[in-house]
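Subject: Structure for your review

Dear colleague,

Please find below the structure that I am handing over to you. My notes on what was found in it follow.

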Amino acid sequence: MFANSSRVYYCVVFTAWVLEQQDRTDSVGKLARLIVTDYNAGCAVMYRDPVSWKEHFEKFHRPKLDVLMDMLGDAYVEYCTSLGTRTNSF
């Protein structure tokens, strides 16, 4: 139960961080806006971890997969960097 609770928390925290980046003009901001667009179109659930977002992109956005993987990678690296010295146990 705890492991599942931790994953849910991680999904919420990661996606919330990405969504806070919507005003940016770089790839992280573009990813945030895509997530909101997909959610509003009924194409995605809002809170996913990076692996779930990858699977979503593979299933629903195959033509732009390379670009989306780059955007997701940029966002994840920056998110992890923003954690500072805290360790991620998920």
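I begin with a pair of charged side chains: glutamate 58 and lysine 54 form a salt bridge, with a distance of 2.6 Å from N to O. Please bear in mind throughout that this is a predicted model. The two residues lie four positions apart in helix H3, and therefore about one helical turn separates them. Such a spacing is favourable to a shared direction, because an α-helix has 3.6 residues a turn and residues three or four places apart point the same way. Glutamate 58 has a relative accessible area of 29% and is partly exposed; lysine 54, with 35%, is partly exposed as well.

Both residues also take part in the packing of helix H3 on helix H4, to which I turn next. The axes of H3 (residues 50-60) and H4 (residues 65-82) come within 10 Å and cross at roughly 170°. Because angles over 145 degrees count as roughly antiparallel, the two helices are described as roughly antiparallel to each other. On the side of H3, the contact is made by Pro50, Trp53, Lys54, Phe57 and Glu58, and on the side of H4 by Leu65, Leu68, Met69, Leu72 and Tyr76. Of the residues in this contact, eight are nonpolar, two are charged and none is polar.

Which residues of H3 are buried? They are Pro50, Ser52, Trp53, His56 and Phe57. Viewed down the axis of H3, these buried residues fall within an arc of 155°, so they line one face of the helix.

The salt bridge in H3 is one of three that a search of the whole structure finds. A network of salt bridges links Arg24, Asp26 and Glu78. Within the network, aspartate 26 pairs with arginine 24, and their closest N and O atoms are 2.4 Å apart. Arginine 24 also meets glutamate 78 in a salt bridge, at 2.6 Å from N to O. This second pair links distant parts of the chain, 54 residues apart: glutamate 78 belongs to helix H4, whereas arginine 24 sits in the loop between helix H1 (2-19) and helix H2 (27-40). As for accessibility, aspartate 26 is partly exposed at 31%, arginine 24 is partly exposed at 22%, and glutamate 78 is partly exposed at 31%.

Glutamate 78 appears again among the contacts of tryptophan 17, a residue of helix H1. Leaving aside residues up to four places away in sequence, tryptophan 17 touches Val28, Ala75, Glu78, Tyr79 and Ser82. Is tryptophan 17 buried or exposed? Its relative accessibility is 13%, and it therefore counts as buried, since the limit for that class is under 20%. Tryptophan 17 and alanine 32 are separated by 15 residues in sequence and by 9.1 Å in space, from C-alpha to C-alpha.

Finally, some remarks on the chain as a whole. The chain has four helices and zero strands, and read along the sequence the pattern is α-α-α-α. Of its 90 residues, 38% are buried. Among contacts with a separation of 6 or more, 53% are between residues 24 or more positions apart.

With kind regards

Terms used: Residues are numbered from 1 along each chain as its sequence is written. This is a predicted model: local features need pLDDT of at least 70, side-chain atom pairs count only at pLDDT 80 or more; totals for chains, interfaces and linings use all residues. Side-chain values use heavy atoms; hydrogens and water are left out. Axes are lines fitted to C-alpha atoms, for helices over the stretch in contact, and angles run from 0 to 180 degrees between N-to-C directions. Angles under 35 degrees count as roughly parallel, over 145 as roughly antiparallel, 65 to 115 as roughly perpendicular and the rest as oblique. Contact means heavy atoms within 4.5 Å. Ala, Val, Leu, Ile, Met, Phe, Trp, Tyr, Cys and Pro count as nonpolar, Asp, Glu, Lys and Arg as charged, and the others, Gly among them, as polar. A salt bridge is a side-chain nitrogen of Lys or Arg within 4 Å of a carboxyl oxygen of Asp or Glu. Buried means under 20% relative accessible area, exposed over 50%, partly exposed in between (1.4 Å probe, protein chains only). The arc is that of the directions from the helix axis to the C-beta atoms.
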